[in-house]
Amino acid sequence: MNLISNDKIKISKRRAIDIIKVMPNIKYDYPVRIYYEDTDAGGIVYHTNYLKFCERARTEWLRELNANQSFFLEQNIGLVVRRVEMDNTASAKLDDLLIVTSWISEFKRASLVFTQQISDENNKLICSVVVRIACVNLQLSKPCAIPEKILGALKRVS
């Protein structure tokens, strides 16, 4: 299903606010199997790998909306991490199957805040991550508005 077309999508500021209000209700689950390469010498997942898992989940969610990274690069736009908060509450180990659950908890003109939780198969919380993503014009290296095409895609899944 193509959620983003090449046609310019017009969306009013009021409709964008309506979309933002329902975003916490839209969640995306991304499974991650823990491999040997993900663990440290103690056999547990190295803490920075949780950030990688979260990045993959956000990227795959956008891909499902037909808004992959090449879509942004073609428009000279980057979605860059501005801030990360991470709280590790338990450890994952080799061969564990984790689920990264992601949702947009804040939506502004030029930024998004993703809240992500990593849980094991028993729904035990392993890690919580809050990531502020800024939309940046790559040529100017300055913040810019999130493209209307993305707002339109979010409208279609809400």
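## A salt bridge between strands

The side chains of Arg132 and Glu106 form a salt bridge, with an N to O distance of 3.0 Å. This pair connects distant parts of the chain, since Arg132 belongs to strand β5 and Glu106 to strand β3, 26 residues apart. The model in which this pair is found is a predicted one. Glu106 has a relative accessibility of 28% and therefore counts as partly exposed, because the partly exposed class lies between the buried limit of under 20% and the exposed limit of over 50%.

The pair also belongs to a wider arrangement: a network of salt bridges links Glu106, Lys108 and Arg132. Side chains of opposite charge can pair when their charged atoms come close.

## Overall architecture

The protein chain contains 4 helices and 6 strands. Along the sequence these elements follow the pattern α-β-α-α-β-β-β-β-β-α. Of the 158 residues in the chain, 42% are buried. The accessible surface amounts to about 9,300 Å², and carbon and sulfur atoms account for 48% of that area.

Sequence separation offers a further view of the fold. Among contacts between residues at least 6 apart in sequence, 69% join residues at least 24 apart. One example of two residues separated along the chain is given by Leu65 and Ile150, which are 85 residues apart, with 8.4 Å between their C-alpha atoms. Leu65 is placed in the loop between α2 and α3, and its relative accessibility of 5% means that Leu65 counts as buried.

## Strand pairing

Strand β3 takes part in two antiparallel pairings described here. With β1, strand β3 pairs in the antiparallel sense over 6 bridges; within this pairing, Tyr28 stands opposite Ser102 in β3. With β4, strand β3 is joined by 8 bridges, and these two strands also run antiparallel.

Ile104 stands opposite Phe114 in β4. The connection from β3 to β4 is a hairpin through 3 residues. In a regular strand the side chains alternate between the two faces of the sheet.

## The nonpolar core

The largest nonpolar core comprises 35 residues, and those with the most contacts inside it are Tyr50, Phe53, Leu98, Val100, Ile118 and Ile126. Both helices and strands contribute: β1 (28-33), α2 (47-64), α3 (69-74), β3 (97-107), β4 (111-119) and β5 (125-137) each supply at least two residues of this core.

The surroundings of Phe53 illustrate how the core is assembled. When neighbours within four places in sequence are left aside, Phe53 is in contact with Tyr30, Val32, Ile34, Asp38, Val45, Leu98, Val100 and Ile118. Among these partners, Leu98, Val100 and Ile118 are themselves listed with the residues that have the most contacts inside the core.

## Helix α2

Helix α2 also carries polar and charged residues. Asn49 is placed in this helix. Asn49 is buried because its relative accessible area is 7%, a value that falls under the 20% limit. Not counting residues up to four places away in sequence, Asn49 touches Glu37 and Asp38. Asp38 is also one of the contacts of Phe53.

A salt bridge lies within α2 as well. The side chains of Arg58 and Glu55 meet with an N to O distance of 2.5 Å. Both residues lie in helix α2, 3 residues apart, which is about one turn of the helix. The two partners differ in burial: Arg58 is buried, with a relative accessible area of 7%, whereas Glu55 is partly exposed, with a relative accessibility of 35%.

## Surface features

In total, the model has 5 salt bridges. One of them joins the side chains of Glu85 and Arg83, with an N to O distance of 3.2 Å. Glu85 is partly exposed, with a relative accessible area of 40%, and Arg83 is likewise partly exposed, at 48% relative accessibility.

A nonpolar patch on the surface is formed by Leu51, Val81 and Val84, which together have about 200 Å² of accessible area. Val84 is placed in strand β2, which covers residues 77-88. With a relative accessibility of 39%, Val84 counts as partly exposed.

Methods. Residues are numbered from 1 along each chain as its sequence is written. This is a predicted model: local features need pLDDT of at least 70, side-chain atom pairs count only at pLDDT 80 or more; totals for chains, interfaces and linings use all residues. Side-chain values use heavy atoms; hydrogens and water are left out. A nonpolar core is a set of buried Ala, Val, Leu, Ile, Met, Phe, Trp, Tyr and Cys residues joined through side-chain atoms within 4.5 Å. Buried means under 20% relative accessible area, exposed over 50%, partly exposed in between (1.4 Å probe, protein chains only). Contact means heavy atoms within 4.5 Å. Two strands pair if DSSP finds at least two bridges between them. Patches are made of residues with over 30% relative accessible area and no salt bridge: like charges are joined within 9 Å, nonpolar side chains (Val, Leu, Ile, Met, Phe, Trp, Tyr) within 5 Å. Accessible areas come from the Shrake-Rupley method with a 1.4 Å probe; for residues, only the protein chains shown count as cover. A salt bridge is a side-chain nitrogen of Lys or Arg within 4 Å of a carboxyl oxygen of Asp or Glu.
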